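Colleague: Could you take me through one stretch of this model up close, strands, helices and side-chain contacts included? I'd like to know what packs against what, and which cut-offs sit behind the words you use.

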Amino acid sequence: MTKTGKAILAAVMCLYLVAPGAHAQPGSHAVTAHGTPKYGPDFKHFDYVNPDAPKGGEVKLATYGSFDSLNPFILRGSPAGGAGLPFETLTVGSNDEVLTQYGLLAETIAVADDRGSVAFTLRPQARFHDGTPVTVEDVIWSFETLRDKGHPTYRTYYADVAKAEKTGERTVTFTFRNGNNPELPVIMGQLPVLPKHVFETRDFASTTLEPIVGSGPYKIADVQPGRSITYQRVADWWGKDLPVNRGRYNFDRIRFDYYRDLDVVFEAFKAGAIDFRVENSSKNWVTGYDVPAVREGRIVREEIKHQDPQGMQAFVFNSRRPIFADRRVREALNHLFDYEWTRANLSYGLFQRTKSFFANSELAATGLPSEAEVKLLEPFRGKLPEEVFSKAYEPPKTDGSGNIRQNLRTALGLLKEAGWELKGNKLVNAKTGEPMRFEILLVQADMERITQPFVRNLERAGIEAGIRVVDTAQYQNRTDNFDFDMIIQRMPQSLSPGNEQRDYWQSAKADLPGSRNLAGIKDPVVDQLIETLIQAPDRDSLVAATKALDRVLLWGWYVIPQWHDDVRRVAYWNRFSHPAVAPKYGLAFVDTWWVDPQKTASLKTAP
């Protein structure tokens with residue numbers, strides 16, 4: 001995928017750059033945590049693109065809420081939709097294999113034999129949009145700045161990186177604290193590279209509505225604060241002819257319009273103000289598209305099968321709150337969510353019940369633990385619920401009739417064990433007399449219809465639960481600071497989980513503002529399983545460690561699982577085409593679809 005023949009002497013010299021005391025493999029076009037890359041060094045383009053796709057046209061997309069920042073790399077503010085489009089990383093992943101990265105800004109990648117370091121040699125032609133070359137100094141500054149001033153997630157990602165140093169004119173070497181983290185060379189390839197010179201007169205940690213110079217396929221063309229943002233394709237983009245980019249980024253302009261009401265978004269789409277949408281509402285999908293534009297073929301509805309891991313969408317308990325600190329309380333409330341009734345009456349029979357934090361993947365724990373899982377879990381027997389070893393996890397079920405009498409009886413029994421009792425029609429703490437009362441915080445008003453039946457079931461158990469819907473800025477601020485009792489959240493996962501699991505579940509992240517440990521999990525067993533997962537030497541070991549972690553999280557009852565699907569439902573005005581081969585993972589609309597001139601002409605002439 002590299003452009004050979006340029007700066008040959010420098011490139012050859014960089015092939016064997018090593019960190020002190022280590023021996024590196026020859027510089028490669030790709031890096032992977034386990035196995036071998038699908039695409040060889042001479043590949044022409046990814047299989048899921050059309051290399052001859054025409055460039056041109058504009059696409060109008062919708063997003064919800066508002067924005068107040070063009071810096072997507074910090075904790076403060078709400079970044080604009082598509083805010084990452086102007087920026088590039090050292091490497092880029094393919095959407096049809098697991099955690100493999102190919103050189104983007106980097107021409108070659110050299111991983112030490114002991115995986116104690118990785119060296120990236122930059123492409124000599126890499127440029128920022130202002131014409132300034134991308135340098136090693138930019139890479140080192142980006143790493144140090146993101147680690148020290150960026151979103152807390154970066155601190156977690158880079159915790160095992162000891163240093164970054166210039167080891168050649170165009171080569172940067174990252175040295176790790178040890179070689180027990182196979183994912184780290186891949187993670188360092190995902191480092192966003194930002195222009196050091198731009199921030200010599202700007203505060204990186206502050207929100208800004210002033211565009212930041214990047215090196216990627218798009219740059220910001222227009223900003224209407226809080227209302228819309230438009231990106232323009234960079235015609236002379238330095239990387240447009242690289243194999244990793246061929247057939248991608250075909251739209252000339254991409255516009256994100258902001259809406260504060262999801263029903264208005266849907267109506268705007270049907271009126272032609274929005275070109276494309278992923279339909280997440282089962283109600284809309286089943287009942288909302290009986291309109292002339294659909295019947296006449298001007299709007300296309302398409303169901304696209306995918307193999308994306310779906311992670312977990314759920315009601316999430318904030319276990320920092322005293323009422324949710326007891327596992328038995330969390331389990332009890334699981335019995336009061338009637339998924340079967342919800343699916344039949346509110347989801348039109350679509351979706352599948354989620355039973356894993358790694359749903360729709362081989363990483364999901366199923367049945368009883370395997371021999372490999374037991375080996376990992378056995379040292380913690382006595383510190384874990386016995387169910388981890390003896391039962392296959394299944395969320396509580398009902399008959400779908402709406403009568404949850406048996407579930408209610410089970411829930412009240414668990415609550416009594418945890419020190420709660422019914423007095424009249426109120427559930428109170430047996431010692432203090434305080435009633436059980438909490439708030440479910442939402443950011444999407446359409447989730448009220450899912451939440452209200454759950455609240456009614458809680459009331460039947462004597463629990464007072466309220467629903468509060470807030471705007472995106474307030475929601476982000478409150479979740480960043482763990483200022484909530486219960487939320488609905490989706491926790492996405494990849495097919496190769498690793499260092500990011502610390503941010504999700506590690507004890508050290510439970511009180512770190514901005515971390516993804518929303519449930520407030522503080523469990524030494526979880527901490528140890530995360531490290532075992534990160535240090536997994538091969539794919540089989542990684543799968544076993546992930547399944548073991550999944551079981552411990554599930555039987556901790558930190559969430560009330562909702563649903564997922566292996567079908568992506570999209571609707572779009574019939575002016576687009578997409579490659580014949582869909583990527584295994586991800587939709588890749590923005591970077592692989594294109595405006596079809598013939599379809600556009602037909603659409604314009606349609607009655």
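Modeller: Here is a walk from one sheet and its neighbouring helix to a strand with a salt-bridge network and then to a second helix.

Before the details, this is a predicted model, with local features needing pLDDT of at least 70 and side-chain atom pairs counting only at pLDDT 80 or more, while totals for chains, interfaces and linings use all residues. Residues are numbered from 1 along each chain as its sequence is written, and side-chain values use heavy atoms, with hydrogens and water left out.

Let's start with the sheet. It is open, has four strands in the order β2-β13-β12-β11, and its pairing is mixed. Strands and helices here are DSSP runs numbered from the N terminus (E, at least two residues, for strands; H or I, at least four, for helices). Two strands pair if DSSP finds at least two bridges between them. β2 (58-64) and β11 (218-224) are the edge strands, and each has a single partner, so one side of each is left without a neighbour in the sheet. From one strand to the next, the twist averages 20°; axes are lines fitted to C-alpha atoms (for helices, over the stretch in contact), and angles between N-to-C directions run from 0 to 180 degrees. Seven bridges pair β2 with β13 (residues 253-259) in the parallel sense, and Leu61 sits opposite Phe256 of β13.

Next comes helix α5 (residues 262-270). Val265, Phe266, Ala268 and Phe269 of α5 are buried, where buried means under 20% relative accessible area, exposed over 50%, and partly exposed in between (1.4 Å probe, protein chains only). Those four cover an arc of only 160° around the axis, which puts them on the same side of α5; the arc is that of the directions from the helix axis to the C-beta atoms. And what covers them? The cover includes β2 and β13 from the sheet, plus β14 (276-278), α6 (282-287), β15 (299-305) and β25 (567-573). The N-terminal end of α5 is capped by Asp261, with a side-chain oxygen 2.7 Å from the backbone nitrogen of Asp263. After α5 comes Gly272, with a positive phi near 95°.

Now for strand β16 (312-317). Six of its six residues are buried, so β16 is largely enclosed by the rest of the structure. β16 runs antiparallel to β22, joined by six bridges, with Ala314 opposite Gln489. β16 also runs antiparallel to β23 (residues 559-561), through three bridges, and there Val316 has Val559 as its bridge partner.

The loop after β16 brings in the charges. The whole structure has 42 salt bridges, each being a side-chain nitrogen of Lys or Arg within 4 Å of a carboxyl oxygen of Asp or Glu. One of them joins Arg321 to Asp483, with the closest N and O atoms 3.7 Å apart. Arg321 is in the loop between β16 and α8 (327-334), and Asp483 in the loop between α14 (472-480) and β22, so this pair ties together parts that are 162 residues apart in sequence. Arg321 is partly exposed at 24% relative accessibility, and Asp483 is partly exposed at 38%. Asp483 also meets Arg478 in a salt bridge (3.6 Å, N to O); Arg478 is buried, at 12%. These residues belong to a salt-bridge network of Arg321, Glu439, Arg468, Arg478, Asp483 and Asp485. Asp326 and Arg328 form another salt bridge, at 2.8 Å between the closest N and O atoms.

Finally, helix α16 (residues 524-534): eight of its 11 residues are buried, so α16 is largely enclosed by the rest of the structure. Among the buried ones are the acidic residues Asp527 and Glu531. The cover over the buried residues of α16 includes α10 (371-377), α15 (500-505) and α17 (539-555). Asp523 caps the N-terminal end of α16, a side-chain oxygen lying 2.8 Å from the backbone nitrogen of Val525.

Asn499, in the loop between β22 and α15, touches this helix too: its contacts, leaving aside neighbours within four places in sequence, include Ile534, Tyr157 and Asn181. Contact means heavy atoms within 4.5 Å. Asn499 counts as buried, at 0% relative accessibility. Its side chain makes a polar contact with that of Asn181 (2.8 Å); a polar contact is a pair of N or O atoms within 3.5 Å where, within protein, one must be able to donate a hydrogen and the other to accept it, and residues adjacent in sequence count only if both atoms are side-chain atoms.
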